[in-house]
Amino acid sequence: MTEGAHSRGRLFGKNVLEGVFRAAPDEDLFLGEILVAVDEATRRRYLFRVVDVTYGTEHREPGWAERVAGTLLADDLRGDPGAHPLHEQDRRTYRVATCRCLGYLTPDGSSFRKPKSLPTQFSRVLTPEPEDFEFLSSRMGDLPLGNLRSGETVVDFEVGIPGESLASHVGVFATTGMGKSNLMKVLASGVLRRQGRYGLLLIDPHGEYRADLTRHPWAADRLRTYAARRLPGTSALRLSLAELAFDDLRTAHDWTRPQEEGLFELERHYGSTDLRWLLDFAQVEELATFREVDLNGRVALNTLQVLQRRARRIVDLDCVVADPDVSVGGAVVRDLTAGKVVLVDVSGLGSTEEVLVASFLTRKVMDEWSTAFLENPDLHQRLPVVSIALEEAQRVLSASRDKDTNVFPRVAREGRKFKVGLCAITQQPKLLDDELLSQFNTFFVLGLADEKDRNILRSSSKQDISGLGPEIQTLMPGECLVANLAAPFAVPAKIHLYDDLLRATPPPPAAPATAPPNVAALVD
Amino acid sequence: MPTSLELTADRLAALLMGPGDALLDQGRHDLEFERQLVARPLERGSAPPDVWAIDGGQGTALDARCLQVVVTRAARVRYAGGACALEEEGPLNVSLVGGGQTRAAVAALDLGVAPDAGLEGVINLLRDGAEWQAVRRSVEECAPDGIVLVDGDLQPDWRVPSTFVAGVLAEARARQVTLVGVTKHSSLSRGGAPLMGMLELDAAGRLGPDAMWWAPVAHTRPDLAVDGGGLQVVAARLDPQAPFAFRVDLPADVDAEPALRRLSALCDDAAFPGYPYPLTVADRLAACPRWLCDDVRSLIEERFDLVGVPLEVRERSFADRHRLMERS
């Protein structure tokens with residue numbers, strides 16, 4: 001299939017894991033471009049990813065290229081461009097592309113192997129053909145996300161991730177404007193269309209998903225939306241103090257040591273395992289007297305004042321109630337059990353309260369799934385894999401967070417066996433705890449300008465992305481690298497535009513017709 | 001008491017700052033210099049339809065001082081209609097110099113070198129001989145109105161018979177081909193100071209820093225031409241942005257200015273403004289770099305294996321004793 005194909009270059013150097021090839025001076029090579037080196041001797045086709053492109057020249061004199069540039073520049077400055085052509089530039093100059101070897105296709109194209117041998121030196125380098133990516137088709141899973149991207153070219157080959165991999169945690173890393181929200185909507189779309197096979201709990205702090213997700217043709221059946229504010233088409237988000245736990249409180253706020261001691265004192269004083277005592281405490285008028293009489297002066301007054309201020313803020317929230325019967329915790333768990341996308345719109349809440357909601361719901365899900373795993377394996381078998389997506393994940397997954405009481409590190413470490421995964425969205429992966437990040441098997445890396453952010457991902461990624469720093473730095477909005485265990489290398493992708501995806505999404509299949517009662521009775 | 005460095009620097013400064021009038025080409029005393037060297041403006045013409053460029057290269061593969069294996073070659077390139085039509089590295093000539101073998105190497109040149117000619121610096125003769133053989137072939141193949149460029153002046157090693165060079169010049173004349181020699185680093189001097197540098201400064205002052213110019217310098221070698229005209233030597237700056245002017249040799253019967261105009265059309269390459277681009281290509285092709293000499297040495301070693309030259313004999317003969325001492 002390579003005869004007559006346009007040769008992009010000839011391989012000439014490096015080692016098993018890297019390749020260097022020479023290309024014509026006008027060969028348009030892009031970072032991240034995937035190319036094929038065809039070994040005529042073994043008939044293997046080696047896939048390479050371009051990680052750097054530099055200039056080369058036949059002239060060995062030091063400073064030759066600078067001298068030429070100086071001459072041309074001087075012509076420009078004199079207003080006489082072209083006065084000194086560089087004769088036969090195509091013979092005297094060239095480009096050198098440095099590549100990472102991704103692996104090779106066996107001669108029959110049936111399997112793809114990691115690189116363990118060198119292609120024959122001076123092998124031809126070609127643009128890959130659709131057959132070269134065929135091996136990926138079985139590894140792209142059932143949650144499609146976009147198209148394969150080779151440099152600037154979008155290849156007609158859909159890429160995605162297996163829904164099962166949601167349980168082994170997903171990281172979405174990008175700076176502002178690089179397409180995180182679009183990616184999450186596309187991911188949610190995939191979950192919606194899997195008809196209950198997976199669940200997704202999406203905590204939305206900015207209210208940016210509701211309008212778009214409700215437009216999805218499958219939303220009527222498979223999307224549930226809860227909102228902390230009154231919003232059309234949403235269920236009211238209600239959390240009961242009876243269901244909130246002390247650990248949720250500790251996860252939501254940063255507490256000093258004296259404040260933590262004060263919380264313990266209050267918990268002991270009110271003798272409650274849930275947070276209903278916040279209501280009583282928030283109503284205490286004479287805090288100094290309360291401190292002296294009820295707490296025997298064991299908590300400093302100013303500490304107590306801070307605790308009461310925070311307690312009042314929580315109990316004053318519209319979405320916080322005392323009555324356990326109106327809590328949505330159970331409903332959210334039921335929706336997720338049914339394999340729905342549950343969107344929790346917490347726009348209008350502060351960051352602390354948002355984490356409180358997320359912590360509560362995550363703990364509910366984790367309890368439900370872990371209990372089923374331990375006590376009812378059959379039920380657990382039927383439960384869908386569920387992913388909990390949280391923006392600004394560094395707030396709950398940083399190294400400084402108390403891992404004993406914080407539910408999120410627990411999910412990161414243990415959730416996989418219960419089929420509960422995290423989907424951590426952050427602009428600053430460097431703030432995530434290394435050990436927790438190593439639990440994440442799937443990375444979506446969109447543009448990241450900070451080298452420290454890239455370095456932390458490099459050391460934790462399940463695929464080698466060490467040479468891809470420049471590519472990550474130069475990703476455009478919507479372009480990303482998908483690194484997980486399913487694919488043999490970090491797959492470059494162009495994420496579908498959600499609006500385009502909506503236009504291409506067919507309506508859900510019609511529900512099967514229900515038999516009239518009399519017929520149903522006969523069947524029974 | 002001034003040191004030798006101070007004395008030398010002072011003498012050098014005196015030469016550079018206050019040169020005399022005596023014009024000279026180091027090692028050659030056959031130049032008849034112009035009375036006055038005056039730079040004249042030069043305009044760029046159009047490129048010749050056919051251009052050949054020839055350059056020679058040399059290297060040493062084995063060196064026992066009294067006995068050397070040297071390699072030489074002459075490369076040719078041709079540009080027709082502005083495009084490269086031929087690149088010819090030229091055959092690699094491997095010659096044994098010393099040990100009574102030098103005359104055989106010289107005879108193999110087939111130039112009619114006198115059998116009693118001196119043999120000092122014979123590698124220059126071997127290189128120039130190959131180069132001028134290539135010049136002759138190029139003149140024969142060049143289209144009318146074409147130019148054959150030679151790296152260096154048009155006076156090959158003194159042992160090359162003048163009849164041979166005269167024959168090439170006559171052939172060029174008959175075929176309406178202009179033979180041009182371009183010397184990058186000239187030994188022309190005035191009052192002991194480098195002439196070209198002084199001419200460059202003088203021309204820049206007279207004609208401006210961005211001017212192309214040329215200046216007749218001398219005539220020489222009346223023996224080389226059939227009609228007794230010999231060669232003419234000029235200095236020329238062949239591009240407005242050229243960092244240097246070069247010595248250019250032409251047959252004496254060639255009208256210098258039109259020839260230089262056409263030559264300047266070949267000197268606009270961005271990498272080498274002022275120097276004919278085809279000569280740079282020939283220069284690259286003719287080079288005999290270290291790796292090439294090492295290859296030759298390896299092949300000779302294989303031959304030694306076949307004929308049974310013991311390793312220690314080779315080692316003792318061709319060891320680089322300087323390097324050995326530097327290592328110790």
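Start with A:Val172: its bridge partner in strand β18 of chain A is A:Ile425. This is a predicted model, by the way, so treat every detail here as a feature of that prediction. The pair belongs to two strands, β10(A) (residues 170-173) and β18(A) (residues 420-426), which run parallel and share 4 bridges.

Now look at the other side of β10(A). Here 4 bridges link β10(A) to β19(A), residues 442-445, and this pairing is parallel too. One of the residues to find is A:Gly171, whose bridge partner in β19(A) is A:Phe443. Where do the side chains of β10(A) point, one way or the other? A:Val170 and A:Val172 point one way, while A:Gly171 and A:Phe173 point the other way. What about burial? These four residues of β10(A) are all buried.

Let's keep walking across the strands. From β19(A) you can step to β20(A), residues 479-483, through 3 bridges, but this time the two strands run antiparallel. A:Phe443 turns up again here, standing opposite A:Ala483 in β20(A). If you zoom out, you'll see that these strands are part of an open sheet of 12 strands in chain A, with mixed pairing. Reading across, the order is β9-β8-β21-β20-β19-β10-β18-β17-β11-β16-β12-β13. Which strands sit at the edges? They are β9 (153-161) and β13 (235-236) of chain A, each of which pairs on one side only.

Next, a helix. Helix α15 of chain A covers residues 407-418, and β18(A) is among the elements that its buried residues pack against. The others are α6 (246-252), α12 (351-375), β17 (385-390), α14 (394-397) and α16 (434-437) of chain A. Which residues of α15(A) are buried? The list is A:Val407, A:Phe408, A:Pro409, A:Val411, A:Ala412, A:Gly415 and A:Phe418. Keep a general point about helices in mind as you look at that list: an α-helix has 3.6 residues a turn, so residues three or four places apart point the same way.

There's something else to spot about this helix. With 12 residues at 1.5 Å a residue, a straight helix would span 16 Å, yet α15(A) spans only 14 Å between its end C-alpha atoms. Right after α15(A) comes A:Lys419, which has a positive phi, near 75°.

Time to step back and take in chain A as a whole. Chain A holds 20 helices and 21 strands, and its C-alpha atoms fill a box of roughly 95 × 75 × 45 Å along the principal axes. Of its 524 residues, 44% are buried. And if you take contacts in chain A between residues at least 6 apart in sequence, 74% of them join residues at least 24 apart.

Chain A is divided into three parts: domain 1 (7-139), domain 2 (157-205 + 328-502) and domain 3 (246-317). The centres of domain 1 and domain 2 of chain A are 36 Å apart, taken over C-alpha atoms. How many residues does each of them bring to their contact? Domain 1 of chain A gives 13 residues and domain 2 of chain A gives 11. On the domain 1 side, β4 (45-57) and β5 (93-105) of chain A each give two or more residues, and the largest share, 3 residues, comes from β5(A). By class, that side has 7 nonpolar, 2 polar and 4 charged residues.

Chain A also touches chain B, through 12 residues of chain A and 8 residues of chain B. The chain A side of this contact has 7 nonpolar, 3 polar and 2 charged residues.

So, over to chain B, which is divided into domain 1 (37-288) and domain 2 (291-327). Their centres are 35 Å apart, again over C-alpha atoms. In their contact, 10 residues of domain 1 of chain B meet 7 residues of domain 2 of chain B. On the domain 1 side, β4 (50-63) and β5 (67-80) of chain B each supply at least two residues, with β4(B) giving the largest share, 5 residues.

Finish with a sheet in chain B: an open one of 3 strands, in the order β1-β10-β11, with antiparallel pairing. Why is one side of β1 (23-25) and of β11 (193-194) left without a neighbour in the sheet? Because these strands of chain B stand at the edges, each with a single partner strand. For β1(B), 3 bridges lead to β10(B), residues 188-190, and B:Leu24 stands opposite B:Ser189 there.

How values were computed. Residues numbered from 1 in each chain as written. Chains lettered and ligands numbered in written order. Predicted model: local features only at pLDDT ≥ 70, side-chain atom pairs only at ≥ 80, totals over all residues. Pairing = 2+ DSSP bridges. Domains from an automatic or database assignment. Contact = placed C-beta atoms within 7 Å. Nonpolar A, V, L, I, M, F, W, Y, C, P; charged D, E, K, R; others polar. Buried ≥ 20, exposed ≤ 12 C-beta atoms within 10 Å, placed from the backbone. Expected span 1.5 Å × (residues − 1).
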